[in-house]
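Colleague: I'm new to this one, so please pick a single part and take me through it closely. After that, tell me what surrounds it in the rest of the chain.

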Amino acid sequence: MTKFSDLKLDPKVLKAVEAAGYESPTPIQAGAIPPALEGQDVLGIAQTGTGKTASFTLPMITMLSKGRARARMPRSLVLCPTRELAAQVAENFDVYAKNTKLTKALLIGGVSFKEQDALIDRGVDVLIATPGRLLDHFERGKLLLTGVQIMVVDEADRMLDMGFIPDIERIFGLTPFTRQTLFFSATMAPEIERITNTFLSAPAKIEVARAATTSENIQQGVVMFKPSRKDRASSEKRKLLRALIEQEGEGCSNAIIFCNRKTDVDICAKSLNKYGYNASPIHGDLDQSHRMKTLDGFRDGSIRFLCASDVAARGLDIPNVTHVFNFDVPSNAEDYVHRIGRTGRAGRKGKALMICAPNDDKNFADVERLVQIEIPRIENPIKVEKPAKTEKPATDVSAEKPKRTRTRKKPEAKADSTPAVVETEVKPETAPVVEDTKPQRNAKQNNNRRDNVVVGMGDHLPSFIAMSFEERRAS
Ligand code: AMP
């Protein structure tokens, strides 16, 4: 087995790696570090959780230890698709470069230009950036990319999903032709292949695991969820999520809950909080400082549940996540692999549970096709909770549905903190949920209409027809 000491890394880097507690290089590190140190381009096909950040950061620090940064001319550039991922690479850099004097700047949206300009003006060895913010700085004339010797593109397939490929091509064009490129992607979509063919020169190709491979450390399961009624699907789904969390007991010390839509991320977090679960949302509509604070809280354990969208959570390195819950089946099958890859990292065990609603069937089939396994079906835990003696056999979650009277008493319910009532409150205007009261109102309207039936007039009954003879004469 390869040892870190075999990799010709700078002794200061080796010391930092040792301090980080790493015993031996991961396969992507063992494969990518030697060619990178020889100045070769690298094409790494690896997903997050494989140790790929260190596979480019360690050789970069080693190579940059000779030479000095010049004002406004960074010596190396790391491009990341999201702010969180960029911030995480920056944190990794701090850990691995702690015994060196190398400097870095993080250029991400949501942070003031002034602070970032000041850092760049002083000169940085490593610039870690999202493509949009980097180009903003460039266009404001604050930055020159002609001094870039090493350029890293991280999570290129996510860049593609987010529409960043034209920006990436432009940035490639602004850096010197002679630069070294370290390029990482979990998959090799045709567009990614085209970019690598254009901008990489005879790269060493290291593929550690196909993107479709889910880690053996992750126990997977899916509940095939059938709401009792269409208009109750959302609240019943949230109830099912709570039941799944409960079922996992203390083993579920923290979890990421993925939703497909940002509105659902918010609803989910709000709902969990109302039920006494400590949850916070993270998605692209929240401002950067808020997102960072949430992430820090999740890392230090003060937040137990992180409700997340794909983009915000992509590539996050949170080593001790015990569970991933897929509140929705992802519409892009590869996101399933990325989502569940948040757990079972660095040799630990993890669990990934998913809720599959009837209209998720097609997406679910795509996921199973991609991962090439049949994801074990698990029983709906709400069924188990059903009281033994029921008069009529209620089907799964419908047995738990809130009584109509509760919803009718909604104004009073606000003061009441019992969870069953609260659930109706968390439905915001945006939630595609029809309140229980609506069918009642409709029923009432229908009854009224039935009392006044005028055959053959359809719904467009002219008002004078419904008047009495006296009324009509008087008008
Ligand atoms: P990454 O794929 O870069 O997001 O890394 C995933 C996790 O693996 C991070 O928590 C790293 O700190 C950790 N890690 C990276 N390299 C090693 C290693 N050689 N041994 C043990 N853990 C590592």
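Modeller: Let's start at the ligand, where a polar backbone atom of Gly51 sits 2.8 Å from one of the ligand's oxygen atoms. Keep in mind as we go that this is a predicted model. Thr50 also takes part through its backbone: an N or O atom there lies 3.1 Å from a ligand oxygen atom. With Thr53 it's the side chain instead, which places a polar atom 2.5 Å from an oxygen atom of the ligand. On its own the ligand has 500 Å² of accessible area, and the protein covers 84% of that.

Now for the wider shell. There are 14 residues around the ligand, and the ones that come nearest are Tyr22, Gln29, Gly49, Gly51 and Thr53. Sorted by class, the shell holds eight polar residues, three charged ones and three nonpolar ones.

From here you can follow the helices into the interior. Thr53 falls within helix H3 (52–64) and Gln29 within helix H2 (27–37). Both of those helices supply at least two residues to the largest nonpolar core, and so do helices H1 (11–19) and H4 (83–96). Strands S4 (126–129), S5 (150–153), S6 (180–185) and S7 (204–207) each do so as well. That core has 36 residues, and Phe56, Leu58, Val78, Ile128 and Leu182 have the most contacts inside it.

Ile128 is a good one to click on. Leaving out residues up to four places away in sequence, Ile128 touches Val78, Cys80, Ala86, Val89, Ala90, Phe93, Lys104, Ala105, Leu106 and Leu107. Another core, of 29 residues, lies apart from the largest one, and Leu107 is among its members, along with Leu79, Phe183 and Ile195.

Back in helix H2, have a look at Gly31. Gly31 has a relative accessible area of 23%, so it counts as partly exposed rather than buried, the cut-off for buried being under 20%. Thr2 is 29 residues away from Gly31 along the chain, yet their C-alpha atoms are separated by 9.8 Å.

In the segment before H1 you'll find Lys8. Lys8 isn't a glycine, but its phi is positive, at about 60°. Most residues other than glycine have a negative phi. Lys8 is also exposed, with 68% relative accessibility. Gln372 makes a nice partner for it: its phi is positive too, near 55°. You'll find Gln372 in the loop between helix H15 (361–371) and helix H16 (381–385), and it counts as exposed at 58%.

For the opposite situation, go to Thr294 in helix H12 (288–299). Its relative accessible area is 5%, so Thr294 is buried. Beyond its close sequence neighbours (up to four places away), Thr294 touches Ser280, Pro281, Ile303 and Leu306. Helix H14 (333–340) is mostly covered too, with seven of its eight residues buried, including Tyr336, His338 and Arg339.

Finally, zoom out. The protein has 475 residues, and 50% of them count as buried; it contains 21 helices and 13 strands. Among contacts with a separation of 6 or more, 74% join residues 24 or more positions apart. The accessible surface comes to about 23,100 Å², and carbon and sulfur atoms account for 51% of it.

Methods
Residues are numbered from 1 along each chain as its sequence is written. This is a predicted model: local features need pLDDT of at least 70, side-chain atom pairs count only at pLDDT 80 or more; totals for chains, interfaces and linings use all residues. Side-chain values use heavy atoms; hydrogens and water are left out. Buried means under 20% relative accessible area, exposed over 50%, partly exposed in between (1.4 Å probe, protein chains only). Helices (H or I, at least four residues) and strands (E, at least two) are DSSP runs, numbered from the N terminus. A residue is near a molecule or strand if one of its heavy atoms lies within 4 Å of it. A polar contact is a pair of N or O atoms within 3.5 Å; within protein, one must be able to donate a hydrogen and the other to accept it, and residues adjacent in sequence count only if both atoms are side-chain atoms. Accessible areas come from the Shrake-Rupley method with a 1.4 Å probe; for residues, only the protein chains shown count as cover. Ala, Val, Leu, Ile, Met, Phe, Trp, Tyr, Cys and Pro count as nonpolar, Asp, Glu, Lys and Arg as charged, and the others, Gly among them, as polar. Contact means heavy atoms within 4.5 Å. A nonpolar core is a set of buried Ala, Val, Leu, Ile, Met, Phe, Trp, Tyr and Cys residues joined through side-chain atoms within 4.5 Å.
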